[in-house]
Amino acid sequence: MDARTQYNPRTVEEVFRDFKGRRAGLIKALTTDVEEFYNQCDPEKENLCLYGFPSEQWEVNLPAEEVPPELPEPVLGINFARDGMQEKDWLSLVAVHSDAWLLAIAFYFGARFGFDKADRKRLFNMINDLPTIFEVVTGTAKKEVKEKSSVSNHSGSKSKSSSKVQRASETQGRQSKAPQPKDEEELMDEQDEEDEHGDTLCGACGENYGTDEFWICCDICEKWFHGKCVKITPARAEHIKQYKCPSCSNKRARP
């Protein structure tokens, strides 16, 4: 696959779809596929770039040879810094530059196809509703949610297993039962749960928490993930004593 493939989205919706696809590929490289990404960024090789594709795939490759390139290019030489800093700091640095590249691509299309002020504003607002790659990789948004919820002791009263796994089936089961009168404490508990998880982001895809979806929390980094993103089913989660996300499972001791 070639990152310089001819592809020209022409409407705000098409450019945003292109943005989301490339973003998903980059997030995958820096989270679930981090081991493979790390190995491909060999400092002994020439200048390397991380490309994201509209198909939600990623690739480490040399920069485009044509000058000027067909599309804005991502930052050069990400492989040279790999062994000169801690892995998490290196991934954060790549994430920041990837965010800048995504915006450059999106607004390149906007300029090329004559987006007016209203179109540019609408495109930016759509993009701004998503967390940045940096926020997903570093867990910044998740930390902000945890700080907000720390004022409540609600989470301490629940067992670890019940807070670790959220099941759509449980939600559906509650809805199918005859409604029972709820006291004030139960209502407050439900509200606390919504407040605690409402802005939680998936550590793999970066999308928001949903009570109708199956989620699982990593016991190491404490990031939350859609079960489908990390290929964990509710049945399988029942037999996992300590869950490690792909990123934590792939971490190796660094000198």
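Here is a friendly conversation between a trainee and a mentor about a predicted model.

Trainee: Before we start, what pLDDT do local features need in this model?

Mentor: Residues are numbered from 1 along each chain as its sequence is written, and side-chain values use heavy atoms, with hydrogens and water left out. In this predicted model, totals for chains, interfaces and linings use all residues, side-chain atom pairs count only at pLDDT 80 or more, and local features need pLDDT of at least 70.

Trainee: Thanks! How many helices and strands does the chain have?

Mentor: Both kinds of element are DSSP runs numbered from the N terminus: helices are H or I with at least four residues, and strands are E with at least two. Counted that way, the chain has twelve helices and five strands.

Trainee: What percentage of the 255 residues count as buried?

Mentor: Buried means under 20% relative accessible area, exposed means over 50%, and partly exposed is in between, with a 1.4 Å probe and protein chains only. For the 255 residues of this chain, the buried share is 38%.

Trainee: Let's look at helix packing. How are α1 and α4 oriented, roughly parallel or roughly antiparallel?

Mentor: Helix α1 covers residues 12–30 and helix α4 covers residues 117–128; their axes are 10 Å apart, at an angle of about 30 degrees. Axes are lines fitted to C-alpha atoms, for helices over the stretch in contact, and angles run from 0 to 180 degrees between N-to-C directions. Angles under 35 degrees count as roughly parallel, over 145 as roughly antiparallel, 65 to 115 as roughly perpendicular and the rest as oblique. The angle therefore makes α1 and α4 roughly parallel.

Trainee: Which residues of α4 do V12, E13, V15, F16 and F19 in α1 meet?

Mentor: Contact here means heavy atoms within 4.5 Å. By that rule, the α4 partners of these α1 residues are D119, R122, L123, M126 and I127.

Trainee: And how does α3 lie against α4, roughly parallel or roughly antiparallel?

Mentor: The axes of α3 and α4 are 11 Å apart and their angle is about 155 degrees. On the contact side, L103, A106 and F107 in α3 meet R120, L123, F124 and I127 in α4. The angle is why α3 counts, relative to α4, as roughly antiparallel.

Trainee: What about α1 and α3: is their crossing left-handed or right-handed?

Mentor: The two helices pack at about 165 degrees with axes 10 Å apart, which makes α1 roughly antiparallel to α3. Many residues take part, including V15, F19 and L26 in α1 and L91, W101 and F109 in α3. A crossing is left-handed if the near helix is turned anticlockwise from the far one by less than a right angle, and right-handed if clockwise. The crossing of α1 and α3 is right-handed.

Trainee: F115 caught my eye. Is it buried or exposed?

Mentor: F115 is found in the loop between α3 and α4. Its contacts, leaving aside neighbours within four places in sequence, are R10, T11, V12, V15, G110, R120 and L123. With a relative accessible area of 8%, F115 is buried.

Trainee: How is the pair of Y38 and W90 arranged, stacked or edge-to-face?

Mentor: The structure holds six aromatic pairs. Rings of Phe, Tyr and Trp (its six-membered ring) pair if their centres lie within 6.5 Å; planes under 30 degrees apart count as stacked, over 60 as edge-to-face and the rest as tilted. The ring centres of Y38 and W90 are 5.9 Å apart and the planes are at 90 degrees, so the pair is edge-to-face.

Trainee: Which residue lies over the face of Y38?

Mentor: Y38 belongs to one aromatic cluster with F37, W58 and W90, and both Y38 and W90 are buried. A charge sits over a ring if NZ of Lys or CZ of Arg is within 6 Å of the ring centre and within 35 degrees of the ring normal. At 4.2 Å from the ring centre of Y38, that residue is R82.

Trainee: Last one: which peptide bond is cis, with omega near -5 degrees?

Mentor: Most peptide bonds are trans. P68, in the loop between β2 (58–61) and α3, takes part in this cis bond, which runs from V67 to P68.
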